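Trainee: I'd like to learn how to read a fold from its strands and side chains. Could you walk me through one?

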Amino acid sequence: MDSLYIHTKIGKINVNKDIKNFILDKIPSIKMGNALEVTSCLTKVVIKNKEGELLNEYSPIIKQSCMQPENKTILPIVVSFNKNEDDSLKVMIKAPYETASYDLAKDNIDICAEDFKPFIHSKSCKECYNCGRC
């Protein structure tokens, strides 16, 4: 299945629901109301200053069960777009373990949505001692 994107002020956000070999903690979605809210398992949000230095990165997190390693779950990010009273755009990012809010007009930063590729980082252990590093 081809990826499904929504185009926003910070770039394209992938809202594809068909992710092979992973359990989705929350289904990717688009909600519209007073604010636009996009839930994604395949997009990360990168914050840089105007000089291009990386300030922060918000991405989905992958959890793998130690008792059942075939069970891999993606915890998504949620990006919300709200208009301030002065008509400037406020972006709120909810990552699995942190939340941040940025004003596109006042904060001197660049916010960009980029593709996130889910994969498990494995340690190259020769023999497993159940240390928990992986």
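Mentor: We'll go from the whole chain to one sheet, and then to single residues. Keep in mind that this is a predicted model.

Trainee: Fine. How many helices and strands does the chain have?

Mentor: There are 0 helices and 13 strands, so a DSSP run of E with at least two residues is the element to look for here. Along the sequence, the pattern is simply β-β-β-β-β-β-β-β-β-β-β-β-β.

Trainee: And what share of the residues is buried?

Mentor: Out of 134 residues, 35% count as buried. The cut-off for that word is under 20% relative accessible area. As for the surface, the chain exposes about 9,000 Å², with 48% of that supplied by carbon and sulfur atoms. You can also look at contact range: take the contacts between residues at least 6 apart in sequence, and 49% of them join residues at least 24 apart.

Trainee: Now a sheet, please. In what order do the strands of the open sheet of 3 strands come?

Mentor: The order is β3-β9-β8, and the pairing is mixed. The edges are β3 (23-24) and β8 (61-64), each of which pairs on one side only.

Trainee: Which way do the neighbours run, parallel or antiparallel? Start with β8 and β9.

Mentor: Those two are antiparallel, paired over 4 bridges, with β9 covering residues 72-75. You can trace it by partners: Q64 stands opposite K72, while I61 has L75 as its bridge partner. On the other side, β3 and β9 run parallel and are joined by 2 bridges. There, I23 faces T73 of β9.

Trainee: How should I read the side chains of a strand?

Mentor: In a regular strand, side chains alternate between the two faces of the sheet. In β9, K72 and I74 point one way, T73 and L75 point the other way, and all of them are buried.

Trainee: K72 is a lysine, though. What does its charged end sit over?

Mentor: The ring of F22, at 5.4 Å from the centre. Another lysine does something of this kind: K12 lies over the face of Y5, 4.6 Å from the ring centre.

Trainee: And how many aromatic pairs are there?

Mentor: The structure holds 1 aromatic pair. To describe such a pair, you give the distance of the centres and the angle of the planes.

Trainee: What about backbone angles? Which residue in the loop between β2 and β3 should I look at?

Mentor: Try N21, which is found in that loop, after β2 (11-14). Its phi is positive, about 70 degrees, although N21 is not a glycine. N21 is also exposed, with a relative accessible area of 62%.

Trainee: Where is D87 found?

Mentor: D87 is in the loop between β10 (77-83) and β11 (89-95). D87 has a positive phi near 70 degrees and is likewise a residue other than glycine. Its relative accessible area is 58%, so D87 counts as exposed.

Trainee: Last one. Is S80 buried or exposed?

Mentor: S80 is buried, as its relative accessible area is 7%. This serine lies in strand β10. Leaving out residues up to four places away in sequence, S80 touches L36, E37, K90, V91 and M92.

Trainee: So I go from strand count to sheet order, then partners, then single side chains and backbone angles.

Mentor: That's the route we took.

Methods:
Residues numbered from 1 in each chain as written. Predicted model: local features only at pLDDT ≥ 70, side-chain atom pairs only at ≥ 80, totals over all residues. Heavy atoms only, no water. Pairing = 2+ DSSP bridges. Buried < 20%, exposed > 50% of the residue type's maximum accessible area, 1.4 Å probe, protein only. Phe/Tyr/Trp six-rings, centres within 6.5 Å; stacked < 30°, edge-to-face > 60°. Lys NZ or Arg CZ within 6 Å of the ring centre and 35° of its normal. Contact = heavy atoms within 4.5 Å. Areas by Shrake-Rupley, 256 points an atom, 1.4 Å probe, with all protein chains shown as cover.
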